[in-house]
Amino acid sequence: YKTPVLTIGGRDTICLNAAETFNGLITLPDSTIKWAWVLGNGTTSQLQNGIATYSDTGDYNIQLIATNKLGCADTASHSVNVAPPPTAIPVANPITIISGGSAQLNMTYTGAITTYNWIPTQRLDCINCPVPIANPQATTKYAVQILDRYGCRNKGEVTVHVVCTG
């Protein structure tokens with residue numbers, strides 16, 4: 001038996017409070033490998049693929065030890081950064097407009113956002129931009145669902161209150 005040659009497969013940056021799988025990979029398959037994960041967040045696992053959720057942002061060091069039936073072992077480490085979720089906070093909420101008017105849905109964003117998706121889509125000049133213009137006929141709550149470059153999701157909401165002219 002040869003000492004196992006071990007690597008850890010997984011992303012380098014992951015999302016806060018999202019379950020992430022890390023794969024234990026060995027060069028030569030061996031059916032009698034014993035796995036020992038230390039996942040950096042106080043949890044351990046004896047499975048080949050460790051699953052971890054991190055409730056605090058920051059850098060974590062993951063360690064995996066693979067041991068064959070003769071006691072020969074290899075250790076691998078993997079650093080992972082847990083990123084905060086992106087945010088979308090309305091500049092003003094609610095926004096009041098006169099019936100027939102329009103308003104920009106200004107949000108303050110944080111994070112490396114790659115995708116914007118506004119709902120409902122009716123009465124918006126764009127549904128996938130950061131600052132659409134809305135002209136609803138009645139009071140409407142708009143939500144923007146955002147996705148960052150790490151695959152982390154979040155949303156923000158803003159209400160457009162429509163008043164009649166007097």
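## Salt bridges in the predicted model

A salt bridge is a pairing in which a side-chain nitrogen of Lys or Arg lies within 4 Å of a carboxyl oxygen of Asp or Glu. In this structure, which is a predicted model, the side chains of lysine 155 and glutamate 157 satisfy that rule, with an N to O distance of 3.4 Å. By the same rule the count comes to 3 salt bridges, and the sections below take them up together with the strands that hold them.

## The overall chain

The secondary structure of the protein chain consists of 16 strands and 0 helices. Its radius of gyration is 24 Å, well over the 15 Å that the globule rule gives for 166 residues, so the chain is more spread out than a compact globule. The dimensions of the C-alpha trace can be set beside this value, since along its principal axes the trace spans about 85 × 25 × 20 Å.

Of the 166 residues in the protein chain, 35% count as buried. The chain exposes about 9,200 Å², and carbon and sulfur atoms supply 51% of that area. Among the contacts with a separation of 6 or more, 56% are accounted for by residues 24 or more positions apart.

## A network around glutamate 157

Besides its bridge to lysine 155, glutamate 157 forms a salt bridge with lysine 141, in which the closest N and O atoms are 3.8 Å apart. This pair links distant parts of the chain, because glutamate 157 belongs to strand β16 (residues 153–163) and lysine 141 to strand β15 (residues 140–148), with their positions 16 residues apart in the numbering.

How exposed are the partners, lysine 141, lysine 155 and glutamate 157? Lysine 141 is exposed, because its relative accessible area of 51% is over the 50% cut-off, whereas lysine 155, at 46%, is partly exposed. Salt bridges that share partners join Lys141, Lys155 and Glu157 into one network. Glutamate 157 also counts as partly exposed, with a relative accessibility of 31%.

## Strand β15 and its neighbours

Although lysine 141 is exposed, strand β15 as a whole is mostly covered, with 7 of its 9 residues buried. Strand β15 runs antiparallel to β16, and 8 bridges join the two; within this pairing, leucine 147 of β15 stands opposite arginine 153 in β16. The hairpin that these strands form has 4 residues between them, and there glycine 151 takes a positive phi near 90 degrees.

Strand β15 is also paired with strand β13 (residues 113–119), to which 6 bridges join it in an antiparallel arrangement. In that pairing, tryptophan 118 stands opposite valine 144 in β15.

## The bridge between glutamate 20 and arginine 11

Another salt bridge brings together the side chains of glutamate 20 and arginine 11, at a distance of 3.2 Å from N to O. Is glutamate 20 buried or exposed? Glutamate 20 is buried, because its relative accessible area of 12% is under the 20% cut-off, while its partner arginine 11 counts as partly exposed at 34%.

Glutamate 20 is located in strand β3 (residues 20–26). When residues up to four places away in sequence are left aside, glutamate 20 touches Arg11, Ile14, Gly50, Ile51 and Ala52, a list in which its salt-bridge partner, arginine 11, appears.

Methods. Residues are numbered from 1 along each chain as its sequence is written. This is a predicted model: local features need pLDDT of at least 70, side-chain atom pairs count only at pLDDT 80 or more; totals for chains, interfaces and linings use all residues. Side-chain values use heavy atoms; hydrogens and water are left out. Buried means under 20% relative accessible area, exposed over 50%, partly exposed in between (1.4 Å probe, protein chains only). Contact means heavy atoms within 4.5 Å. Two strands pair if DSSP finds at least two bridges between them. The radius of gyration is taken over C-alpha atoms; the globule rule is 2.2 Å times the number of residues to the power 0.38. Accessible areas come from the Shrake-Rupley method with a 1.4 Å probe; for residues, only the protein chains shown count as cover.
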